[in-house]
Structure formats: C-alpha cells, structure tokens
Amino acid sequence: MSVSLQDITIQYGQLKAVDALTAKFPAGSTGLLGPNGAGKSSLLKGLLGLVPIKSGHASLLGKDIHAERKAIRQLVGFMPEDDCLIPGLTGIGMVQYAGELCGMGRSDAMQRGHEVLFLVGLGEARYRKVETYSAGMKQRIKLAQALVHDPKLLFLDEPTSGLDPKGRMEMLELIEMISSQGKMSIILASHILIDIEQTCNRVVIMNKGKVLKEGLVEDICGQYAGTYTIRVEGDRSAFEAKLKKEGCKIQHDGKHLLEVTFPPKKKTDMILKIAESTHVQLRKMVPSVQTLEDVFVKLIGTDDHAHL
Amino acid sequence: MPIYEKSYLSWHGQLLQKPMTWLVIAKTGIRLAWRKSLGIILFISFIPFFFRAGQIYIVSRFGDEEALMKMVRGIQIDAEFFMSFLKGQSFILLLLVIVVGAGLIANDRKFKALPIYFSKPVGFWDYIIGKLLVIGSYGMLITMIPALLLYLMRALLTQNTDFIQSFYWVPFSIVAWPLAALLILGGLTLAVSAFSRGSRAASILLFSIIYVPELLRAILSRIPDIGLISIHATLHQLGAIFFGAKHPYDFSNGWMVIVLLGICGLSLLILKIKVRPTEILS
C-alpha cells in the first residue's frame, strides 16, 4: 500500500478543505479527481507536511506522516500546481539543486539532472535560466525536479495546468510512460477527467473534502453500466410507468430518447415484455457508454444536491 | 557522447540518510548572490585591510626608523586597532548585507519556490540557517577573516611574544563581534526579505531600517539614549564591550541587550509567519 489515510482533516480557519477523509492508495497510478476546491491539493500538501493536518493518521510507503516527515519527503517527488521556480538557476542547476536537497551527491545529482531533463524534453534548454522558460517548460522543469531523486511515490498536482493541447498530450504521455514502467507509484490530482482516464488505472473521486467513490476506473464505470438509451413509438406514459414500477430510473433527453437505468439483477429482456404489454414499438435500444465523466457528473451532481 | 533513451531510467545510487540541506542551500545561495556590484563592494572593503596591513608592517619591521615612523605616527597595534578596523568595516558590512540578503527569501517567495524546498527534506531551520550562512559567509569575508589575518600578521612580524601575551584574547573578540553582528543583522535582513515581495522592495526597506535611524541619531544626538534607535550604534556599543573599550554611546548595556534581543525576536517571529511552504488565503 503506497498511501493509507485514516480520518484526515485539514482545516483553514473555519473551512474544512479535507473532512475526515479515509482512503487507500495502492501501488500503481491513482487519480485524485474532483472539482476545484474539492481538497485534492490540500490533501497532497498535507501528506507532505506543507499544510498542517488537524487530525487523523496517515502513512506513506509505511512511514507515519507525523513522525517521519523528512524521510517521507526523501521518498516522494512533488510537482506543485503553481509555477514554482528557484530564481537565478539554470534548468540543470535547479534540478541538480533539487537532487542535492533530497540527499544526492553533487555529481550524481548533476548526472541525473541531465537524464531527467532529456526525459522531460528540456535537454536543449537546460542551460537557460528558469525564469525565461515558457509555461510548458515550467511544467516540465517541475516534473524534472520531482523525478531527479527517483522517488518511490510521485505526487502530481494538476500537471497539465496551463499547457496548450500539444503540451498537454506530451505531458500525459510522459506520465503514462513513467507510470507504465511500474517503478514508482503516482497520485495525480486533477479536475480534468481525460487526464486521469489516460494515465491512471485507479481513481478516488473527491468533493468538498470527502471521498465520494474510489476504485478501479473500469469498475467504477461498470457500476453504472446498466443504463440503456431507448427510443419508443406509441404511448410512452404507460411504458414509463411500468418501468418505474420495476425500479428503473428514467431520464428524458427532451425529444424521443429515454435513458433507462436498470436496477441490479434485472434482465434487459424485461424491457421487451413491458413494451409488448404496453403496445409501444421499441425502435432503438443500445447500452449507454459510461465514461468516467458520466460517473463524475452523476456523483458530483448527487453530492451537491444532497448538500442543498 | 552518451546516448539518452526517451524512457524513464531508475537511479541506483544511495540517498544520504540525513542530508545537510542547510549546507546545500548555503552553497547555492553563495553562488547565486555573486554579482558585479558585490564584487565592487568586496574590492572596496579590502582597501582598508591593505592599508592596515601596511601600517602593521611598518610598525613591526621599521619601528626604529624615525622617518618611516612619522608615516604611522600615533598608531598603536593594540585591541583598539582591531576594533577600529572592524568598526570601519561595519559600514561596508551593512551595505553588503543589503546587497546579498535582500533577495534571499523575497525572490523565493516571488517565484513561489518555498513548496519546492519544503517538499524536500528541508525543515524551517535548515532553510533559515542556509540563508543566514549566505549573509554570514560574505560578512565574515570582509570582517572576521581580514581582522584575523591582520592579527596573525602582527603576531608573526613581532620579534617577541609580548604582543600575543598582551592580546591573546583579541582573536576571540575578533570572532565574537562579527558573529554576533552577523547573526543580528542577518536575521533582520532575512525577516525584511521574507516580508517583501521582491528584492528591490526589500533593499529599500532594509536601507530605511538601517540608515534612517542612524541619520536621526546623528541629528538628534543630544537626546539621551537616542543611540538605541540605531542598529549601527547598538552594534558598535556591542563591539566596544567585546574589545573592552570605552563605550561610544551613553545608553546602558542592559537596554542595548534588550534592543538587540528584541530585533532577534521580532525577526524570528516574522520569519515564522512568512516562511511557509504554502500561502493560505483567508
């Protein structure tokens, strides 16, 4: 288990950014998904000791976050969301400096710095001052400084923030490549679903400081798989009434299509029988494709509705 | 020419269990602080050293030759000689502290570098000590080190051991006064730097804090204890205590200690508040 959290609360004044959060992040790549203000960044910062944790226990790579903070920081690479740079240094200077701060020898940090800068695509710009870097280059140098000491666990906070489409794609490919080698676990915090879908096999969905759902991406999408898009001709009211009676949830698209979600353990041939009994013609019946976005929208929508 | 693969390669080295991050911060800070203006300040600061070295050489080697002694008339190579040298250097030290120290934390805050530091095994004190050492290193280069060299020069050039026997305690004073002054000035500089967003603002603020009270003290010198408002004056008084010399100002040592401790305490408080890895907006 890479990260284990038990009732973690992070509070800024009266605002609870993370509210008694309990979750587990096994080895591999996990996406921390949630809207802005969900508490994703606060959670990552809290785990590194960058913001105070009010209550709760957590362990990273088997180390207690309260007792072994410095040891944890040596094992974790953190790519912050903001444009964090060390002014006055060149690209290679900054990455080397980051390596030395983590406990690498000077020459090791220098050699490794060159390697990771080539990896992130800054090989040609490594002798330029970091202040002169473009937004995309700043993202890459932040990733490089997080990777230089070969961490066991990598925290990426909105890694594609501020990137153009090409830069975004390249950054995601880079993360995917690092993740696919299986040598380090990754926790990627983002509100962009595609980023997480592309790079992570597990997801923890957060809203208002709490976990709404966690698990494998395919499992979470699969939980909502019993939904079909249906088009019928004839008297729809009786047909819908019978479906509801059987426990189905129905959503209208405003025209002719219905989104019907079956309750668990109900077979889809039930719909044919209901159509026959209510004398409607079934013109279309296809399974709705559930993406992580659908799940996310549903969960966030339900959660927000519950808070109103 | 190595061939770089476009794939992630693990590093098989061993990280230090307890890295001395303060030393890494200090070394990098010393390198980054170097610029042309600093070179000029250092060059100017060494002129008094060579002048004093010349005086020592003449007094030590040609003490019997009247013509040469006329050039250095009235010069006594005693504790006050070294105190006077350090007192002269303290003016340049204040300037150097502003040039070196103003941007040390201000630039890190401006470029949001603090999360980078504190996501590594760097603690608050590692960061502060590292930055303080940057100021301290340059500061010692123009105060303690030349003063010790002058002492050593005098000791080596003197034909007998009278000088060492009489002034054996002077090296301790030469070390203690600059150390205390650098600790106080360095802390204040870092606090002002942490308080400001940008090195220019920090420089102006530091200049105001250091020189304006000194100017006021000079203008309002008839007011009793006015010297306490000037960090320059309080540090001189401290120097006089270390060298066992006559106190240059009329304020009491007790008040001086309170003022200097107050500056240290306030600096630490500001640093504790401002040096945070993440700015939490209310």
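**Figure 1. An open sheet of six strands in chain A, with the order E6-E7-E8-E3-E9-E10 and mixed pairing.** Strand E6 (76–79) and strand E10 (210–216) are the edge strands, each pairing on one side only. Neighbouring strands are turned by 15° against each other on average, direction ignored. The model is predicted.

**Figure 2. The parallel pair E3(A) and E9(A).** Strand E3 (residues 29–33) and strand E9 (residues 202–207) of chain A pair in the parallel sense. Four bridges hold the register. One contact point to look for is A:Thr30, whose bridge partner in E9(A) is A:Arg202. Strands of a sheet pair through backbone hydrogen bonds, either parallel or antiparallel.

**Figure 3. Helix H1 of chain A lying across the strands.** H1(A) lies across E3, E6, strand E7 (153–157), strand E8 (185–190) and E9 of chain A. Relative to E8(A), the helix runs at about 140°. H1(A), residues 40–48, also supplies at least two residues of the side of chain A that touches chain B.

**Figure 4. The hairpin of E1(A) and E2(A).** Strand E1 (residues 3–12) and strand E2 (residues 15–25) of chain A run antiparallel and are joined by seven bridges. A:Val3 in E1(A) has A:Phe25 in E2(A) as its bridge partner. Two residues lie between the strands. At A:Gly13 the backbone takes a positive phi near 65°.

**Figure 5. Helix H3 of chain A, mostly covered.** H3(A) has 12 residues. From first C-alpha to last it reaches 17 Å, close to the 16 Å expected at 1.5 Å a residue. Of its 12 residues, 12 are buried. Among them are A:Ile92, A:Met94, A:Val95, A:Gln96, A:Tyr97, A:Glu100 and A:Leu101. The packing partners come from both chains: H2, H4 and helix H5 (135–147) of chain A, plus helix H1 (21–33) and helix H5 (114–118) of chain B. Just after the helix, A:Gly103 takes a positive phi of about 110°.

**Figure 6. The contact between chain A and chain B.** Chain A gives 37 residues and chain B gives 31 residues. On the chain A side, helix H1 (40–48), helix H2 (69–75), helix H3 (91–102), helix H4 (106–119) and helix H6 (165–180) each supply at least two residues. That side divides into 19 nonpolar, seven polar and 11 charged residues.

**Figure 7. Helix H7 of chain B and its cover.** The end C-alpha atoms of H7(B), residues 144–157, are 20 Å apart. This agrees with expectation, because 14 residues at 1.5 Å a residue should span 20 Å. Buried here are B:Met144, B:Pro146, B:Ala147, B:Leu150, B:Tyr151 and B:Arg154. An α-helix has 3.6 residues a turn, so residues three or four places apart point the same way. The cover over the buried residues includes helix H2 (36–61), helix H4 (79–110), helix H6 (124–142), helix H8 (162–166) and helix H9 (170–195) of chain B.

**Figure 8. The setting of H7(B): chain B, with 12 helices and zero strands.** The C-alpha trace spans about 80 × 55 × 30 Å along its principal axes. Of the 282 residues, 39% count as buried. Among contacts with a separation of 6 or more, 77% join residues 24 or more positions apart.

**Figure 9. The two assigned domains of chain A.** The domain assignment gives domain 1 (3–221) and domain 2 (226–289). Their centres, taken over C-alpha atoms, are separated by 44 Å.

Definitions and conventions: Residues numbered from 1 in each chain as written. Chains lettered and ligands numbered in written order. Predicted model: local features only at pLDDT ≥ 70, side-chain atom pairs only at ≥ 80, totals over all residues. Buried ≥ 20, exposed ≤ 12 C-beta atoms within 10 Å, placed from the backbone. Contact = placed C-beta atoms within 7 Å. Nonpolar A, V, L, I, M, F, W, Y, C, P; charged D, E, K, R; others polar. Expected span 1.5 Å × (residues − 1). Domains from an automatic or database assignment. Pairing = 2+ DSSP bridges. Axes fitted to C-alpha atoms, helices over the stretch in contact; angles between N-to-C directions.
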